[in-house]
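Work through the exercises below with the model open. Try each task before reading its solution.

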Amino acid sequence: MPEVSRRDFLKAAFLLPAMPSLLGACRRSDSRRVVNFYNWSNYIGKDTLPDFTKRTGVEVRYDLFADEDEMFAKIRAGARGYDLIVIGDFLIPRFKALNLIDPVPADTLKNQGNLAPRFRRAAYDPDETAVPYLWGTTGIAYNKKRLTKPPTSWWDLWDPRYKDRISMLDNVRDCVGVALQLLDIPQTTRDPEDFRKARELLIKQKPLVKQYSSSSYLNSLVAGEIDLAMTWSGDLFQAARDNPDLDYCLPREGTYMWVDCLALMRGSRHREDALRLIDYLLEPEVAANIANAVRYATPNEKATPLVDKALRKDPRVYPTPQVLSKLKLHDVLDPEQSELWNQTWADVKVA
Amino acid sequence: MGKALSWLLGGRRPLASHLLLAPAAGWLIVFLLVPAAGLALLSLAKNGAYGQVIWTFGLHNYRRAFDAKYLPVLLRTFAFAGGTTALCLLLGYPLAYYLSFRAGRWRNALLIGLMVPFWTSALVAFYSWMIILGKEGLLNAALLRFGFISAPIGILYTPFSVLLGLVYFYLPFTVLPLYASLEKVPRSVVEAAYDLGAGRWTAFLKVTLPLSLPGVMAGGLLTFVPCLGDFLTAELLGGPRFYLLGNLISNQFLMAQDWPFGAALTCLLLIGLIGGLWVYRRWEAEDA
């Protein structure tokens, strides 16, 4: 339990004006070789970074974030001093537009070729500014023991039978994305009428929802406080270690997949070593160990055969080709569209 | 040394008193006035692409804030803040009274006991409450064990859990000013009331209570005002239906990436509070 709730802890820690780790990240120490790495919590193998330090002598100052909106807010607020950061595909165009990241120079990474072709030059990052790290899907987590029949559709999250037993991700991309999907509206719409419909759909669901949360809902699921939750695949599989009754469903309407990527922060003072760390994370054994620990899928083709067989053969983690063909990446939004999404979500929260 | 100190503290020497005031004044200027001015400026700016701030000034953010959709949030916030203040005063007054009049040699120990929860981070405290109030939590387990309920009930994420969290956290803010003002009630006056034939209740209602009213006001304000801006309690102990003004503001900064609007909401809250205090001061001054 403490492990999962760490995200919320960080969330609030971020809100305190002085965050010691951030001060730490800003501290100048040119004598020692370091990389300041900013990543999601529970998103790396236990020995990944110590092994890197052992091998290269480069110390990794590891800092965690709780929620990507808040991570983005923090970076935008001027948190500098990070060299390497993990950001979702959705955020890459935004980080580029705001000049927050530098492209990974072509041909500097000897392991980049390990990545599966479908993860290279993707729509969200045609010039390969960032390097895919892990990918996963957004789906429905549920408690097998407490539901008479397992969910199959996103609409199950709108079923009044489950009032007060549902949680939704506190995330604009997933919630507004699913609402638009259920309404058969393309993500790239700019029609205020479409967003009004999406907002109404989400507001209609609100009386059933116990929590909007991207992290603490996992505790609630494990503890039986809620029985159905919109979730990110690997987070649920991690939680299922604590409660084997938890299962994951990819809704039959199809769902979204997302790719978290490693990106170089602009102004990094440890670029060489940051690149070296990226290259290390792309090594097949390293990537496979991370995938085993966090239970998300690796985009690393060479690493996939090294992943635990149970995980590798699990269609919930590595969907069958048939399901895979139904998985979509989120569309790349321009600022005006992003603003419409954000407003829609903000209005749902206020309603 | 003593001489120098008394010279410094003499107060009639302007240089010395200025020197002594300088750190506090500097602190207030750097950490209060400058940020507040920045906030006011930001509230007039525009929100641009991907949440970049565009420095063209206007009142559009304030116009947006007066949308009817925010009214329920405002009313809910006032209801929770008011309810918390009332509960804190009801619970806090007897406590402060006991501390001041009855605690005797236990007083210091009890005062420390009152402060201890305060030394824990609010976050840790609220997580503990989540563990206590959850469906599989201690409270439900106890109620089940003693047969008060037959199935776990949802206590967490209800108005009750939010109110509980707020009262828990703000009670010391209420009690300490109450205690301080009860301490200042001259015991001789209370004794005089007894001598003049007042019973316990009469003496309390006619002497002690009126004399402690400044403490009631101070304690009430110290509870009510921070409650209006609280967001952590609602975020952790409240469900989606208990979205307060503090959550609305923090979401503008963290989620919606609309800092100018968040700044405008903050400024409105500040203006409302300062206005309210000013009216109260005027009313108090006229009363006196």
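Two residues are in contact if their C-beta atoms, placed from the backbone, lie within 7 Å. Keep in mind that this model is predicted.

**Exercise 1. Chain B: fold and spread**

Task: Find which secondary structure chain B has, and decide whether chain B is compact or spread out.

Solution.
- Step 1. Take the elements. Chain B has 13 helices and two strands.
- Step 2. Apply the globule rule. For 288 residues it gives 19 Å. The radius of gyration of chain B is 24 Å, well over that value, so chain B is more spread out than a compact globule.
- Step 3. Look at the box. Along the principal axes, the C-alpha atoms of chain B fill roughly 75 × 70 × 40 Å.
- Step 4. Check burial. In chain B, 33% of the 288 residues are buried.
- Step 5. Check contact range. Take the contacts in chain B with a separation of 6 or more: 66% of them join residues 24 or more positions apart.

**Exercise 2. Chain A: the same checks**

Task: Repeat the steps for chain A and state what its radius of gyration is.

Solution.
- Step 1. Chain A has 14 helices and 11 strands.
- Step 2. A compact globule of 351 residues would have a radius of gyration near 20 Å. Chain A has 20 Å, so the two agree.
- Step 3. The C-alpha trace of chain A spans about 60 × 45 × 40 Å along its principal axes.
- Step 4. Buried residues are 47% of the 351 residues in chain A.
- Step 5. Of the chain A contacts with a separation of 6 or more, 78% link residues 24 or more positions apart.

**Exercise 3. Where the chains meet**

Task: Work out how many residues each chain gives to the contact, and which helix of chain B gives the most.

Solution.
- Step 1. Chain B gives 26 residues and chain A gives 27.
- Step 2. On the chain B side, helix H6 (122–133) and helix H12 (245–254) each supply at least two residues.
- Step 3. H12(B) gives the most, with four residues.
- Step 4. Sort the chain B side by class: 16 nonpolar, seven polar and three charged residues.

**Exercise 4. The nonpolar core**

Task: Identify which residues have the most contacts inside the largest nonpolar core, and which helix gives the largest share.

Solution.
- Step 1. The largest nonpolar core holds 155 residues. A:Leu84, A:Leu262, A:Ile278 and A:Ala291 have the most contacts inside it.
- Step 2. Helix H8 (residues 159–183) of chain B gives the largest share of this core, 13 residues.
- Step 3. In chain A, domain 1 (2–136 + 258–318) and domain 2 (137–256 + 329–350) each add at least three residues to this core.
- Step 4. Zoom in on A:Ala291. Leaving out residues up to four places away in sequence, A:Ala291 touches A:Leu134, A:Tyr296, A:Ala297, A:Thr298, A:Ala303 and A:Val307.

Key. Residues numbered from 1 in each chain as written. Chains lettered and ligands numbered in written order. Predicted model: local features only at pLDDT ≥ 70, side-chain atom pairs only at ≥ 80, totals over all residues. Core = buried A, V, L, I, M, F, W, Y, C linked by C-beta atoms within 7 Å. Buried ≥ 20, exposed ≤ 12 C-beta atoms within 10 Å, placed from the backbone. Domains from an automatic or database assignment. Nonpolar A, V, L, I, M, F, W, Y, C, P; charged D, E, K, R; others polar. Rg over C-alpha atoms; globule rule 2.2 N^0.38 Å.
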